[in-house]
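Hi,

Here is the structure I promised to pass on. Have a look at it first, and my notes follow underneath.

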Amino acid sequence: MVTETIAQNDACKGDSAVMDRLSVSTIRLLSADMVDKANSGHLGAPFGCAPLANALWGRIMKFSPRKRWMNRDRFVLSAGHASALQYSMLHLTGHGLGGPYDVSMDELKLFRQAGSSTPGHPEFRLTCGVEVTTGPLGQGFANAVGIAIAEAHLAARFNKDGFPIFDYNTYCLCGDGCMMEGVASEAASLAGHLKLHKLIVFYDDNKITIDGTTDLAFSEDVGARFAAYGWNVLRIDNGDIASSHVFEKAVADAKSQNEKPSLIIMKTTIGNGAGPGVEGTSKAHGGKFSNLEAIRNKWFNPTNLRKDGDAVDQKVADMVQAELDLISEKEVLPKFHVPSKVLQKFREIGAKGDRMADKWEEMLQQYYRAFRGSEPELVDDLEQRMSGKYLIDKWETKVSEYLSKEQKAIYSNLKTLWNNIEAPDEDSDASQDSKRRKISPNQKPKYKAGRVYVAEVLKNIVAANPSVIGGSADVASSCGGHWPELQGHFLPPSFGEKLAGAG
C-alpha cells in the first residue's frame, strides 16, 4: 500500500508562509508573462486562483509528472480560459520534461501559438498533465463527474482488502460561467445522486464576468442549489490568502465524509494583485495587464517588498535578493524567471509523486499474483485495461453474427420495391430476384423498432466487454442503455436493499 505523502516537502518545512507567498507571486507572474508575450489570453482567474493552485500542486494532490500512474489524482480546469494557470503548474512540477508534450519554459513562451503544447485552452493529448479538453463552460465540470464515476466503478470492481488499487480524488476548478451552464447542472445532479464523495469542485466565486458583475444575469444561491442536489457545500471566505493551509483544511473537511461530492465555494478577487482599477473588475478577465512591470517590481523587487510589505514580505525579500545575487541581476527578477527555491519545491513534490507511482506499480503486480489463480477473469480484465485495451479481440464477431441473422429474417419476407408500377416480366433478368422476394398478401415483413436493434447491438458488445458502461436517466428499459443481468446497477451501496447488484 502506498504510504508516502506529498503534502510535506523539505522546501516548505522552514517557513511555509514565506514559501507560499513567493510561490503564489511566481505563479501569477509566470502566467502574466505568457499572456503578455502572446498578447492574448486571460489573467483574471490565474491571478485570483494562484493560491489554490499553489496548494493543490504543492500540498494536496498526488500526481506523477513522469510516470503513467492510473491512481493519480485528477485535475480538471473547467474554466479552460485560465489555461495559463494550469500550464504554469505543469511546468513548475516538471510534467513530461524532455518528451514531445512537455511543458518546458520554451513551450510557455509559445503560449497560444500553433504547434505548441500550450494552446489557448487545455487540449487532451497535446499537453502532458492535461486530463481532458476544456473550453466550453460547464464541459469540464461534466467531465470531472465522469472521471469520478470511473474511479467509483474501478474501485468497486477491482479493489480488495489490502489492495486499494483505485482510490484517487478528482479535483475541478470552475467559475461563474460553468455554474450558469445546463450541462453542469445535470452532471451535478447525477453526482449527488451517485454520492461521488471523491469529487471535489472548487467554485471561483469572484462575482465578475466579462460583461460586468454576475448579477446582471445570475443571482441564484449556488450553494443552496448544490445542497439540494445532495452535495457537501463548504466555503472559503477569503480565497485570496496565499496560505496553503486554508485550502488544505477545506479539502480535509471535504474528505471527512464519504456520502457526498463536495463544492468548495471560494470568495476570490478576480485579477487579485493587479492593482486598483483592474483587480475586482471585468477589466481583469481577459487580455494582458498594461501595468505588468509595476506588478513585477512589487513582488520581485526586494527593495519594494521591504518598503511596502509585512513581516512575511521581509523574508520573501531576502529570498528574492538571494536569487538576484545568484543570477547576477541587480533590482528585479526578469520575465519568465522562476526562483530556484520555488522550482526546487515543486520539482521535489513531482519526484515524490514519481516514487509513489513506482510503489503503486509494485502493489499492482502483487495484486496480479495474489488473485490470478482465484479470479483469473478479473485479473485479465484489469491487465487488459492497464495496457489500454478496452475491447476483447474480435469483439465485432458477435455483433456481425447478430446483424446477419436479423438481416436474413428481414430480407426473407421483404418485397422488392420497383420504381415503375409494373413488376418485371417473368422472363426478365430480374425474375429470379422477384420470385425470391415475392410474398403472399397475408405475409408481413419481420422487423423490430430501430431502437431495439441498437439496444441489441449494444448488449452484444457489453456482454463481452466488462469495461463498457452504459446507462440512462429513466428510459434504459425502453432504449436499451443498461442490462442489470450483465452489469448490475451502478448505484451507491445504500441502494442494495432496493436493487440487487447495486454498489
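Let me begin with a pairing inside the sheet: aspartate 205 has lysine 267 in S7 as its bridge partner. Before you read too much into any of this, keep in mind that the model is predicted.

That pair belongs to the contact between S3 and S7, two parallel strands joined by six bridges. Zooming out, the sheet is open and has five strands in the order S1-S2-S3-S7-S6, with parallel pairing. Its edge strands are S1 (74–77) and S6 (232–236), each of which pairs on one side only. From one strand to the next, the twist averages 20 degrees.

Now along the sheet, starting from S1. S1 pairs with S2 (residues 170–174) in the parallel sense, over four bridges, and valine 76 sits opposite cysteine 172 of S2. S2 is then joined to S3 by five bridges, again running parallel; here leucine 173 stands opposite phenylalanine 202 in S3.

What surrounds S3? Seven of its seven residues are buried, so the strand is largely enclosed by the rest of the structure. Leu199, Val201, Tyr203 and Asp205 point one way, while Ile200, Phe202 and Asp204 point the other way, and all are buried. One element to look for here is helix H6 (residues 139–158), which lies across S1, S2 and S3 (199–205) and runs at about 170 degrees to S2.

At the other edge, S6 and S7 (residues 262–267) run parallel and are joined by five bridges, with arginine 235 partnered by isoleucine 265 in S7. S6 has a covered face made of Asn232, Leu234 and Ile236, and an uncovered one with Val233 and Arg235.

Two spots away from the strands also caught my eye.

Histidine 91 is in helix H4 (residues 83–93). Is histidine 91 buried or exposed? It is buried: its relative accessible area is 7%, and the cut-off for buried is under 20%. Leaving aside residues up to four places away in sequence, histidine 91 touches Leu30, Val103, Ser104, Met105, Leu108, Val338 and Arg347.

Then there is a nonpolar surface patch of about 350 Å², made by Tyr390, Leu391, Ile392 and Trp395. Leucine 391 is in the loop between helix H15 (376–386) and helix H16 (396–411). Leucine 391 counts as partly exposed because its relative accessibility is 33%, which falls between the 20% and 50% cut-offs.

Over to you, and shout if anything is unclear.

Cheers

Technical notes:
Residues numbered from 1 in each chain as written. Predicted model: local features only at pLDDT ≥ 70, side-chain atom pairs only at ≥ 80, totals over all residues. Heavy atoms only, no water. Pairing = 2+ DSSP bridges. Axes fitted to C-alpha atoms, helices over the stretch in contact; angles between N-to-C directions. Contact = heavy atoms within 4.5 Å. Patch = residues over 30% accessible without salt bridge, like charges linked within 9 Å, V, L, I, M, F, W, Y side chains within 5 Å. Areas by Shrake-Rupley, 256 points an atom, 1.4 Å probe, with all protein chains shown as cover. Salt bridge = Lys/Arg side-chain N within 4 Å of Asp/Glu carboxyl O. Buried < 20%, exposed > 50% of the residue type's maximum accessible area, 1.4 Å probe, protein only.
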